[in-house]
Structure formats: C-alpha cells, structure tokens
Amino acid sequence: MKQVETQIIKTYKAAVHLRRATEQQIKGALRSLADALQQNTAVLIKANGKDLALQAPDNPRNDRLMLNEQRIKAIANAVRKISRLPDPSGKVLEKKVLPNKLLLEKVAVPLGVVGAIYESRPNVTFDIAALCIRSRNGCLLKGSSEADNTNKAAIKLIKKALEDNGINADCVTLLPSEREVVQHLFTATRYIDVLIPRGSASLIEYVRKNSQVPVIETGAGVCHVYIEQEADLNKAVNIAVNAKVSRPSVCNAADTLLVDEAVAPAFLEAVQPQLAKYGVEVFADNTAFKLLKGYPHLQKAKPEHFDTEFQSLRCAVKVVKGIEEALVHIQEHSTRHSEAIVSENKKHCKRFMQEVDAAAVYANASTRFTDGEEFGLGAEIGISTQKLHARGPFALEKLVTEKWMVTGNGQVR
Ligand SMILES: NC(=O)C1=CN([C@@H]2O[C@H](COP(=O)(O)OP(=O)(O)OC[C@H]3O[C@@H](n4cnc5c(N)ncnc54)[C@H](OP(=O)(O)O)[C@@H]3O)[C@@H](O)[C@H]2O)C=CC1
Ligand SMILES: N[C@@H](CCC(=O)OP(=O)(O)O)C(=O)O
C-alpha cells in the first residue's frame, strides 16, 4: 500500500500550512465547511443512501450510519460552533526571565498529525476534521468501509473549504477504508503524533498491542443506571428510559439497570409501560424476572448479558441489596465509560461519584450526556476511557502539547 505511505507523508508536510495559517483562514475554512454541509445536504444524503443500501435493513447499527437533513444541520452547527472556539495553540502557559536574562516561554502548540480510526458514524469525519483544523493539526482519517461513500463525499467538502480559504487541502486526508491501512499508521512514528481508535473492544485492543505511535483509547460503553432506594421514581423512570432509548446504538446508552430491592417493585412497575412503548427487550435476573412478570419482551438474564453493550433496544436488569452491591457490580462489569446513580440521598450520590471508576459519573442525570458537544467542547475527537492525557469526551484542549521557547541575546552556557 505505497499509496497510504505517500498520503501519510503528504499530510505531515501539509500540516505546517495549518500552523502558518491566519486566524481568518482557519475560521473561514470552518465557516465555509458549515455552509457547504447545508448546501450539499442532498449530495450527502445520496452518498449515504448508497452506504445504507449495502447494509441489512434490520441492522441496528444503521441508525449510526444514517444521515438526514436534521443530522446534517446538527453537524453544520457543530462545525460553526468549533469555528467560534478559541485557538488552543499559541497560548503562553508560563513566562519568566532567567537570571542570565534568557526569556523562557512555555507555549501550547499543535500535536502535529492526528490519525483517527473510527466507526461508521459520518458526523465523526466532520467533527474530527473540524477539531483538527481549529487546533492546527494535520489529520488522517480511516473511516469504516460501511460509511465509505458518505466519507468520500464528506472529504470533498472539507478539502474544498480548505482550498477556498487558501489552506493546503492535504492537511486533511481520508485514507482508503481497507483494514490493512491501519498497519501503516502503526509504524509511521515520524509522521503521526497520536493515533485515536474509536470502536469495538477488539479494535482498541488490536491498536494498543500493535501501534508504535502513541494511542489515546476510546472504549466501548457498558453503562449502568443505578436506581437507589431513595430515588425519586419519576426522575428514575425518565432517566432510565432516556439513557436506554434516546439513541440506543451509541456508546453512552445504558445497558444495565441496577435496582435497589427496596424500590424494585414500584420502579419496575412504573418503568414497564415506558420500556414496552419502545419495545425494549429486557434480560432480567431472577428477582427482576418475577417482578416483571407479564412484561411483553421479557427473558431470563444469562451472565454474559451483564457484560454486553447492547447497542440496541435491549437491556439487562438486576435487583441489588443496596449501594454496596451496586458499586461492586459496577466495578466488575463497567467498561469505565459512563455510570449513573438516581437518588435523593446526597451522601450516597457523593459516594457513588467518588468511588465509581469511570470517565463520566452522573447523579440524577442520563448517561447520554457524555458527548463533546453536550459538554460544550464543540464536538469530540472521542470519549477516552483511559486515564492519561485525556479522559471522557476530549477535543481542542487535548490536541495540543507544549513547547519551550527560549529567546536570548547571545547567551552561552
Ligand atoms: N468511547 C468512544 O468514544 C466510542 C466508543 N465506540 C464503541 O465502538 C463500538 C462500536 O463500533 P464498531 O462499529 O463496532 O466499530 P469497529 O471496531 O467494528 O470499527 C471501527 C473502525 O475500526 C476498523 N477496524 C475494526 N477492526 C479492525 C481491525 N481488526 N483491523 C483494522 N481495522 C479495524 C473498522 O473498519 P471497518 O468498519 O471497515 O471494518 C472501522 O473503521 C461500540 O462498542 C461503541 O461503544 C465507538 C465510538 C466512540
Ligand atoms: N458523541 C456521541 C457518543 C460517542 C460515540 O460516538 O459513540 P458511538 O456511537 O458508539 O460511535 C453522542 O452521544 O452523540
């Protein structure tokens, strides 16, 4: 795959143009891209239709792949928001004059080139490209083969927006979608500064084991909502239902409901009609199974259901004896993405938030908020489930590193 090596080197060389570009050019490119998204809605939907036509119609992942007018408008809005965010590079983080009169400045600078390997969500192509342009990083995109037609239409718009604003379009590159491509990314230590895999546990594991380029992992989400015995049941039903059904295919959707035995009869009775309305299939432990008798989509849970990221309208339900058992269950089964407690007991909420080891912990709110745009970051490069450099949704401020700039007047040591 000589072509891929050439693309990687071209992107590396072009990235310097982003570092040199004026603020006007950067903002202009992002605004042009937002406009182009809206003007080319039909083109994108047509390309996306080709991708969707290649999928089985009942594939629950089609929801992630699908673009419509509303989603394209949301992407354009995100790009516009990113254009208004301040440049994370160039900030002077520390400044001092040494006794020998050397001026020492620690400055935030772009990472260089960011490589992303990501799932079949076409908004990710725009989000990552826009965040990289805003932070003046070159960017290599390896999207899913499932979204290839959509991504090819997307990159045309991105490159045109750069060109129209006098920026070298090689700064952003869509790589071929074949899986072999990632092996070239693993060894390109000279040209790529960080690799971000977004996808399944097996992808993350594969990249972590094989990449010589530093990696920021984003992981799968087996997310829990714990209904504690002092939960307000109205809030509990709304949160549990929202976390499960608002967009079941994404990583921050709930997978397991843990219900305190003291409120299990009342909560399960109250939540049933809502879950049934959306056709949620429930895998219940023995106690929950008895309490949910008569629920139309009920099955007995097998142990593996409590480690499953369903990515569909399915969930596991377990009745627990109290917060202790809930915390132990989460510790054993969580993928450390997003976890929630519903309770009016402030002490228990605090304990949950302090003790649960996850990128985002919630008290009385839905896990669905773990998202760069929701957190005010414009968009996200990914939701990191690792602890170093970035955790949770990360964006512009994690796309920079530091550089010491030392200005002298002929000093020697
Ligand atoms: N925390 C976060 O930020 C995010 C988490 N996720 C998680 O990702 C999962 C869903 O993603 P899913 O669609 O399964 O993603 P996959 O892991 O199947 O695919 C993601 C990307 O990696 C590529 N890929 C997958 N396996 C390999 C391999 N062995 N070698 C080379 N390339 C590979 C895919 O290519 P191709 O499709 O062409 O095979 C695609 O481009 C869920 O668990 C979700 O929670 C997803 C996104 C963000
Ligand atoms: N940003 C997302 C969640 C993260 C994400 O992209 O996850 P996934 O759909 O699993 O690829 C959202 O809630 O919209």
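Two residues are in contact if their C-beta atoms, placed from the backbone, lie within 7 Å. With that in hand, let us start at Asn-252, which touches Gly-221, Cys-223, His-337, Ser-338, Thr-367, Arg-368, Thr-370 and Asp-371 once residues up to four places away in sequence are left out. Along the chain, Asn-252 belongs to the loop between α10 (233-245) and β8 (254-260); helices (H or I, at least four residues) and strands (E, at least two) are DSSP runs, numbered from the N terminus. Asp-371, one of the residues that Asn-252 touches, is 119 residues apart from Asn-252 in sequence, yet the two are 8.2 Å apart in space, C-alpha to C-alpha. Asn-252 counts as buried because 22 C-beta neighbours lie inside 10 Å. For that term, a residue is buried if 20 or more other C-beta atoms lie within 10 Å of its own, exposed if 12 or fewer, and partly exposed in between, with C-beta atoms placed from the backbone.

Before going further, a word on what you are looking at. This is a predicted model, in which local features need pLDDT of at least 70 and side-chain atom pairs count only at pLDDT 80 or more, while totals for chains, interfaces and linings use all residues. Residues are numbered from 1 along each chain as its sequence is written, and chains are lettered from A and ligands numbered from 1 in the order in which they are written. The predictor's confidence in each residue, from 0 to 100, is called pLDDT; the protein averages 97, and 100% of the residues score at least 70. For the model, ipTM is 0.93 and pTM is 0.93.

Now step back to the whole chain. The protein is divided into domain 1 (2-216 + 381-407) and domain 2 (223-369), with bounds that come from an automatic or database domain assignment. The centres of the two domains, taken over C-alpha atoms, are separated by 34 Å. Nine residues from domain 1 and nine residues from domain 2 make up the contact. On the side of domain 1 that touches domain 2, α4 (62-65) and β14 (382-384) are the elements that give two or more residues. The residues of that side divide into two nonpolar, three polar and four charged. In these classes, Ala, Val, Leu, Ile, Met, Phe, Trp, Tyr, Cys and Pro count as nonpolar, Asp, Glu, Lys and Arg as charged, and the others, Gly among them, as polar.

A database record offers another way to mark out the chain. UniProt lists residues 3-280 for "domain: Aldehyde dehydrogenase" in an unreviewed entry; its positions are given in the numbering used here, feature names are shortened, and annotations may be inferred rather than shown by experiment. Over residues 3-280 the chain is 51% helix and 15% strand, and the end C-alpha atoms are 46 Å apart.

Next come the two ligands. Here a residue is near a molecule if its C-beta atom, placed from the backbone, lies within 6 Å of it. Ligand 1 has 26 residues around it, and Ser-144, Ser-145, Gly-199, Ala-220 and Cys-251 come nearest. Its shell has eight nonpolar, twelve polar and six charged residues, and α9 (201-210) and β14 each supply at least two residues of that shell.

Where does ligand 2 lie? Domain 1 and domain 2 both give residues to the shell around ligand 2, so ligand 2 lies between them. Asn-252, our starting point, is one of the residues around ligand 2, and others include Arg-64, Cys-251, Asp-371 and Ile-383. By class, that shell has three nonpolar, two polar and five charged residues.

Two arginines deserve a visit for their backbone. Most residues other than glycine have a negative phi. Arg-136, in the loop between α6 (122-134) and β4 (138-142), has a positive phi near 65°. Arg-336, in the loop between α13 (323-333) and β12 (338-342), also has a positive phi near 65°. Arg-136 counts as buried because it has 25 C-beta neighbours inside 10 Å, and Arg-336 is buried with 20 other C-beta atoms within 10 Å.

Let us finish with two residues that are not buried. Asp-58, in the loop between α3 (41-53) and α4, is exposed because 6 other C-beta atoms lie within 10 Å. Gln-299 is found in strand β10 (residues 298-300) and touches Glu-281 and Phe-283, not counting residues up to four places away in sequence. With 14 other C-beta atoms within 10 Å, Gln-299 is partly exposed.
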